[in-house]
Number of protein chains: 2
Amino acid sequence: MGTGPVRAEIIAVGSEMLTPDRTDTNSLFVTARLNDVGVVVQAKSVVRDDLAAVSVMLREALARADVVILTGGLGPTDDDVTRDAAALALGRPLVEHGPTLQAIRARFASRGLTMPEINRRQARLVEHALPLENRQGTAPGQWIDLGSQVVVLLPGPPREMQPLCEAVAARLAERTGGAAVFRRSLRLVGHTESHAEERLQPLYARWTGTAPPVTATILAARGEIELQLSCRSTSADDASAVLDTAVAEVAAAFGDDLYARDGRRLEEVVGDLLRARALRVALAESCTGGLVTSRLTDVAGSSDYVERGVVAYSNRAKVDLLGVPEPLIAEHGAVSEAVALAMADGVRRLAGCDIGLGLTGIAGPGGGSEAKPVGTVAVAVCGPGPRRSVRTWRFPGGRTLVKLFASTAALDALRRAMLGGG
Amino acid sequence: MGTGPVRAEIIAVGSEMLTPDRTDTNSLFVTARLNDVGVVVQAKSVVRDDLAAVSVMLREALARADVVILTGGLGPTDDDVTRDAAALALGRPLVEHGPTLQAIRARFASRGLTMPEINRRQARLVEHALPLENRQGTAPGQWIDLGSQVVVLLPGPPREMQPLCEAVAARLAERTGGAAVFRRSLRLVGHTESHAEERLQPLYARWTGTAPPVTATILAARGEIELQLSCRSTSADDASAVLDTAVAEVAAAFGDDLYARDGRRLEEVVGDLLRARALRVALAESCTGGLVTSRLTDVAGSSDYVERGVVAYSNRAKVDLLGVPEPLIAEHGAVSEAVALAMADGVRRLAGCDIGLGLTGIAGPGGGSEAKPVGTVAVAVCGPGPRRSVRTWRFPGGRTLVKLFASTAALDALRRAMLGGG
């Protein structure tokens, strides 16, 4: 293995993982264990139970990667082809391994059974492979050392695969000399992906020159952006130092729009702020239909700070439940900043809470007009104390997306109210 | 394409799907749509955001498959490399497409924004590619006809990818000509997956003998079960006939627990029943935190029949907003059938609606006791007319799962109230 990071590929073998209802999940566990010892996963694949197809996939992966891990296809039946495919790809014969055969026989005997003849093939190893003992099943794993590269065969059932994968990670750690991957997950609101990217460009350029270099991945979902920073190092201190600096640079670029440096979700951050300030909140929603309250109460312990939520879908509910004056609705329309403020005010007063949130809008597909198209949403916060803020948004997308974007904007408005900013 | 089945490979592009916490799921949807038109998926991969790596993967897939579908990497940022990788692998230049550029500019303009310069690259097509219009986002898909093979580029966000994938399946159907896969999606409540499976076993056995045979796939999620029936035939009439019979057999086995024969979600079925009967509903939720109301209002036009929702998290809110008598809470506890009924009654009366729903429970992790452990949820429905029902559930799992299970039970209780059953 060279001086760069050790690069792995994972191949999951099994036709059932190529249907519409199931996919490979073993690779998530394998990836975590590999990352722990500084091995980066650069690609992964799922391939059907076919000797030639598995063999070709393995050869292609070996043209790119230092480590190739195959999971599945080590059972006793005809469609378990991984052993033969590895032998074919590596140009080595399969050899029956006496101690493994004995172990399989003993396993059956311990349950009062005779080993069926078809299980015999599970004792066949690729020539010079090291068997990895499997206490949870019959098929051992195989560690095949090719000098500068390693091929590993692991059984498919997770409870068999996982302990063997731990053993493989320990062996790989000896080769990588201890470098591990360190990560930070930052979260932002108030920017489209492309706007955030423009602002991050100069930082990306700087991070390629740090020691160790920092890699960034940007993801957008429901009005929020997740920025994953990672670096690889043998020293946790070095990694922390460069990541801390990188995080500080992002914070300087985005200010309050950076709401979490530790991957916390927006509803958790809002909940933590409410709890720290001993504040209680009441919510009045219209077009989000309870989604803001539902997200806020997804957090354990949220009953400490969520007093109530009201979904005032009809105008009558706005008047009856929230004390919104009817003339206000007539004058400004139900979707307006004035009504959002009155909803926030009303729910706060009636609940006797510190903070009230009011949200009214048009989720679509019906109900839009030229002046107030579908996606128009007004979000108001009253409190804590005399603080009042309101803002009108225009969100893109269909009903579900407008609800999601609006719920994110509402949670963020609560957060900003507690920070004292805009 | 030859005489055998048309063979596809799927490549998901994105480094974030190579971390321990996330993987590709778009391929499940793509696989379903390809299967529908008789295209078999023989392998799939995830590859990092790297020009050379994506290009190599695409070339390798083209050595094996008739159709290669790439998802992701069509965004505006530097790490969106799929367009360039396809151009490199196919030896064709990228060409800016005027109408697509105009459409992207118009999309920003409709939100009062100017298109950032980096979005311009999303208008670049592989030479001779057909753009696939994306109404949900900026990047069009690309259909690249190579004569005997096809390469397709689709955006990564599911809501953008899925409509384009439908369009791709329709195009592929023209090429595959013959047999298509026909499906029915049935939905059930009130059964665990294994109970449903036991009851279905005799039907499965019968369906292997029909012409054409019917294949069944069972999926469980948030207290609901989806049963997918499919068969492959060159005749839509033959397929319809056997599927109709199979659906009737399931209906006979499950009665009212079968709530949809056409894949409709529970909230849509409830909404359709409310609308057909011209009834209006008001909801009072505690531990679900607004999730029932939010699910019900996910359906377009739900403002016609949802009058209001109240999230009465605190006892005070139950008393103030719903008129639940304080002594009732003291006597039975907030989580009790008596309080659930009083909540349903109260919200119905105050809203002047035909039906009231009351739900109170313990989502956890705190708040449980020996008599009322975490997961205990009481659901009551009052109306239409004098009808009243209440039932106590004990759901497994953590907070999020309890909320989901409880919201499903609540929607189902509304449905049964309108059917007049238990």
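## A tour from the core outwards

Select first the largest nonpolar core, which has 250 residues and in which A:Met343, A:Leu357, A:Leu414, B:Met343, B:Leu357 and B:Leu414 have the most contacts; such a core is a set of buried Ala, Val, Leu, Ile, Met, Phe, Trp, Tyr and Cys residues joined through C-beta atoms within 7 Å, and a residue is buried if 20 or more other C-beta atoms, placed from the backbone, lie within 10 Å of its own. This is a predicted model, in which local features need pLDDT of at least 70 and side-chain atom pairs count only at pLDDT 80 or more, while totals for chains, interfaces and linings use all residues. Residues are numbered from 1 along each chain as its sequence is written, and chains are lettered from A in the order in which they are written.

Next, centre on B:Leu357, which, leaving aside residues up to four places away in sequence, touches B:Val281, B:Leu283, B:Ala284, B:Val292, B:Ala344, B:Val381, B:Ala410 and B:Leu414 (contact: C-beta atoms, placed from the backbone, within 7 Å).

Then select the contact between the chains, to which chain A gives 59 residues and chain B gives 58 residues. Within it, display residues 39-47 of each chain, where strand β2 of chain A and strand β2 of chain B pair in the antiparallel sense over 5 bridges (strands are DSSP runs of E, at least two residues, numbered from the N terminus; pairing needs at least two DSSP bridges). A:Val47 stands opposite B:Ala43 there.

Finally, colour chain A by domain: domain 1 (6-176), domain 2 (180-260) and domain 3 (266-419), with bounds from an automatic or database domain assignment. The C-alpha centres of domain 1 and domain 3 of chain A lie 53 Å apart.

Definitions and conventions
Two residues are in contact if their C-beta atoms, placed from the backbone, lie within 7 Å. Helices (H or I, at least four residues) and strands (E, at least two) are DSSP runs, numbered from the N terminus. A residue is buried if 20 or more other C-beta atoms lie within 10 Å of its own, exposed if 12 or fewer, and partly exposed in between; C-beta atoms are placed from the backbone.
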